[in-house]
Amino acid sequence: MEALKKKMNEEGIILSDTVLKVDSFLNHQIDPQLMHEIGLEFVSRFSKEKITKILTIESSGIAPAIMAANELKAPLVFARKRKSLTLTDDLYTAEVYSFTKQETNTISVAKKFIKKSDSILIIDDFLANGQAALGLANIVKQAGANVVGIGIVIEKAFQGGAKKLQEAGYRVESLARIASLQNGKITFVEGEHYETI
Ligand code: 5GP
């Protein structure tokens, strides 16, 4: 998605060979017009699927996910990163190791918000090793619902998360795919297809 790549080139801050900071449009301040375009792009890529709900994880997945949900006229549910000490019987939970924070969080979703009959599109801001997306997919599985696919705003293709998700049987659609963050620049994967890496 060219508008996203342009924004990443103009405003992304390369913190290391493995971490990109995009706090001016996605992770802290949010660019609503770009988020709107991102939402439309996700809907277009999954247009052949029947989607009843979108699932993301707080907080940075919410902005792109709500735009897609609005277009689909479907509800958005976001997994919480801190497990409530009460009502634990009414929650689906999964353990997720955070790449950026280097800690394990228990993510949770209230059982009443995912039904067996749901067809769910998972959306997240970044894909690194795939832990967050796998945790969300695990929650959908616990509910007996169907994962239609996984939509990612920025994939760091060199970290292998997409491969892991595809091997687990999930369709992954990433709007920008980074081949490398080395030498102080963002190098994108050429083309839109996974065979190119
Ligand atoms: P994964 O679970 O795939 O290993 O990592 C994805 C999660 O870690 C995302 O939800 C995102 O919040 C965070 N993350 C991973 N890599 C980066 C990065 O380079 N920049 C930012 N801003 N977040 C990242």
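In this predicted model, strands β8 and β9 (residues 172–180) run parallel and are joined by 6 bridges. One of the contacts between them places I152 opposite S174 of β9 as its bridge partner. The connection also involves helix α5 (residues 161–167), which together with β8 and β9 makes a right-handed β-α-β unit.

On the β7 side, the arrangement is as follows. Strand β7 (residues 119–127) pairs with β8 in the parallel sense, over 8 bridges. I122 has I150 of β8 as its bridge partner. Helix α4 (residues 131–142) completes a right-handed β-α-β unit with β7 and β8. How many residues of strand β8 are buried? Of its 11 residues (146–156), 10 are buried, so β8 is largely enclosed by the rest of the structure.

These strands belong to an open sheet of 6 strands with mixed pairing, in the order β4-β3-β7-β8-β9-β10. Because β4 (76–79) and β10 (187–188) each have a single partner strand, they stand at the edges, and one side of each is left without a neighbour in the sheet. β10 runs antiparallel to β9, and 2 bridges join them. The bridge partner of I178 in β10 is F188. The ring of F188 also lies under the charged end of K5, which is 5.4 Å from the ring centre. As for pairs of aromatic rings, the count with centres within 6.5 Å is 0.

A further strand pair is formed by β5 and β6, antiparallel over 8 bridges. T93 has S108 as its bridge partner in β6. The two strands form a hairpin with 4 residues between them, and Q102 lies in the turn.

The pairings for which a bridge count is available are set out below.

| Strand pair | Sense | Bridges | Bridge partners |
|---|---|---|---|
| β7 and β8 | parallel | 8 bridges | I122 and I150 |
| β8 and β9 | parallel | 6 bridges | I152 and S174 |
| β9 and β10 | antiparallel | 2 bridges | I178 and F188 |
| β5 and β6 | antiparallel | 8 bridges | T93 and S108 |

The backbone has some less usual geometry. Most residues other than glycine have a negative phi, and most peptide bonds are trans. Q102, in the loop between β5 and β6, has a positive phi near 50°. At 59% relative accessibility, Q102 counts as exposed. N183 has a positive phi near 60° and sits in the loop between β9 and β10. Its relative accessibility is 75%, so N183 counts as exposed. The peptide bond from E58 to S59 is cis, with omega near -5°; S59 is in the loop between β3 (53–57) and α3 (62–72).

The loop between β9 and β10 also holds Q182. Is Q182 exposed or partly exposed? With a relative accessible area of 44%, Q182 is partly exposed. Its C-alpha atom is separated by 5.1 Å from that of D17, although the two residues are 165 residues apart along the chain.

The largest pocket holds about 770 Å³ of space. Its lining comprises 33 residues, and K81, S98, T100, D125 and F126 are those nearest its centre. Two or more lining residues come from each of β2 (20–21), β5 (91–98), β6 (103–110), β7, α4 and β8. Which element gives the most to this lining? That is β7, with 4 residues.

Definitions and conventions:
Residues are numbered from 1 along each chain as its sequence is written. This is a predicted model: local features need pLDDT of at least 70, side-chain atom pairs count only at pLDDT 80 or more; totals for chains, interfaces and linings use all residues. Side-chain values use heavy atoms; hydrogens and water are left out. Rings of Phe, Tyr and Trp (its six-membered ring) pair if their centres lie within 6.5 Å; planes under 30 degrees apart count as stacked, over 60 as edge-to-face and the rest as tilted. A charge sits over a ring if NZ of Lys or CZ of Arg is within 6 Å of the ring centre and within 35 degrees of the ring normal. Buried means under 20% relative accessible area, exposed over 50%, partly exposed in between (1.4 Å probe, protein chains only). Two strands pair if DSSP finds at least two bridges between them. A crossover is right-handed if, with the strands pointing away from the viewer, the path from the first strand over the helix to the second runs clockwise. On a 1 Å grid over the protein atoms alone, a cavity is a set of points where a 1.4 Å probe fits but cannot get out, and a pocket is an open set with protein on both sides within 12 Å along at least five of seven lines; lining residues have an atom within 4 Å of a point. Grid points are joined across faces, edges and corners, and a volume is the space filled by probe spheres set on the points.
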